[in-house]
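Me: I'd like a close look at one part of this model, and I'd rather have it talked through than tabulated. Could you pick out the helix at the start of the second chain and tell me what surrounds it?

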Amino acid sequence: MGRFHRHADGTDHSHDETGGHSHDPGDLSGYQTGTDRVEVLERIFGENDKTAAANRDRFAVTGVCAINLMSSPGAGKTTLLRQTLTRLAGRLRTGIIEGDIQTSLDADQLGGFGAPVALINTGNGFGGECHLDAPMVASALPRLPLDDLDLVLIENVGNLVCPAEFDVGEHARAMVYAITEGEDKPLKYPVMFRSCDLVIVNKIDLLPYLDFDTGGFLANLRAVNPAATVLSASARTGEGVDAWCDWVRAQVAARG
Amino acid sequence: MERRRAGVIRVHELSLCGSIANIVERHAAGRPVSVIHVQIGQLRQVVPDTLVYCWELVSEGTQLAGSRIDVEAVPARIRCRACDQVAEIGDLPVLVCGECGSTDTEIVSGEEFMITSLELAGTSAEGASA
């Protein structure tokens, strides 16, 4: 959908929001065009995306690769991160940004691995945000020694809807999907599954006890995101976690 | 979303309303606003009813109290890179060409989430409200 607007010289046209030319001066799209209507044509995520770009610049300047890790509650993000920190210790200097609505329980679990952890409690007057946004991540950056890090893993708030909509300045997006969630989830939460570069199919140690249809799940995933990399893992037993760590290291290397 | 007390609401529509308020205030420049026209693409997970309800909460007690959000839903359309067919997708968010079955598609529309325009209240008389 193009961005239609009128210029001071009387010409009008439309083009994509991101492309085109400067709209200072002479772009009348923000001015009143009728007796009681003001044209706006402004993206509602624009403000967040501006801060996300600044976060991305900050990561780039300090040589840090940032990965946004998302999932539903209880899919295994924190357990996977514990396994990850154990494996990456001494190989990648890693920091954690931990998003949680109320508690420091997850951040506490991630302590003791030698990785600095910046906790963001998203609680606000309305009972807590269901996601991290770019300004929240920006507020956590001063609490991490970015100059001394190679990698920042951002553990988002457990939720399959909201986090997918917010760019926080990451370089790559990964999600943990647990096979206990059912094969239909890519079709029910397409924005999340579509936005990810990698999907980790977790809790595969439970395969013998479930009627999980792996082929059906993969078909649903491919329908919304044909390009995503897929890995199988059990964060509990550690199976498949090395392959995830290899993927993480490749992301860091691609930015080194 | 069912209507519950504000203390336990946990939806991203709430923070999106905060962004909407910032944009609207900037464009309204102090003039009273009656309607905010918002486009929401089918591929966004923004629930129109929730957005409208959250706006009541967020705008309450502010200069924008009494204004309402009017949602224009934009259907999702994909173009197939294999056969060049452009079509609306169905109810399922499946990005597969209905003509040739290719998954090599691009989204033509359906990801919009923008404020298109504002209607001002009582513009005929200074300070009057609708």
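Reply: One term first: two residues are in contact if their C-beta atoms, placed from the backbone, lie within 7 Å. Keep in mind too that this is a predicted model.

Now to the helix itself. Helix α1 of chain B covers residues 12–28, 17 residues in all. From its first C-alpha to its last it reaches 24 Å, close to the 24 Å expected at 1.5 Å a residue. Just after α1(B), the backbone does something you may want to look at on screen: B:Ala29 takes a positive phi of about 50°.

Which residues of α1(B) are buried? Counting a residue as buried if 20 or more other C-beta atoms lie within 10 Å of its own, the list starts with a run, B:His12, B:Glu13, B:Leu14, B:Ser15, B:Leu16 and B:Cys17. Further along the helix, B:Ile20, B:Val24 and B:His27 are buried as well.

The cover over those buried residues comes from both chains. From chain B it includes β1 (33–41), α2 (48–59) and β6 (113–120), and from chain A it includes β3 (37–43).

That strand of chain A is worth following into the wider contact between the chains. The contact takes 33 residues from chain A and 36 residues from chain B. On the chain A side, the elements giving two or more residues are β3, α1 (46–61), α6 (190–195) and α7 (214–224). Of these, β3(A) gives the most, with 7 residues. So β3(A) turns up twice in this story, both in the cover of α1(B) and on the side of chain A that touches chain B. By class, that side of chain A has 17 nonpolar, 6 polar and 10 charged residues.

Stepping back to chain B as a whole, there are 2 helices and 6 strands. Reading from the N terminus, the elements run α-β-α-β-β-β-β-β, and both helices have already come up here: α1(B) as the helix you asked about, and α2(B) as part of its cover. Buried residues make up 32% of the 130 residues in chain B. As for how the chain meets itself, take the contacts between residues at least 6 apart in sequence: 69% of them join residues at least 24 apart.

Note on methods:
Residues numbered from 1 in each chain as written. Chains lettered and ligands numbered in written order. Predicted model: local features only at pLDDT ≥ 70, side-chain atom pairs only at ≥ 80, totals over all residues. Helix = DSSP H or I, 4+ residues; strand = E, 2+ residues; numbered from the N terminus. Expected span 1.5 Å × (residues − 1). Buried ≥ 20, exposed ≤ 12 C-beta atoms within 10 Å, placed from the backbone. Nonpolar A, V, L, I, M, F, W, Y, C, P; charged D, E, K, R; others polar.
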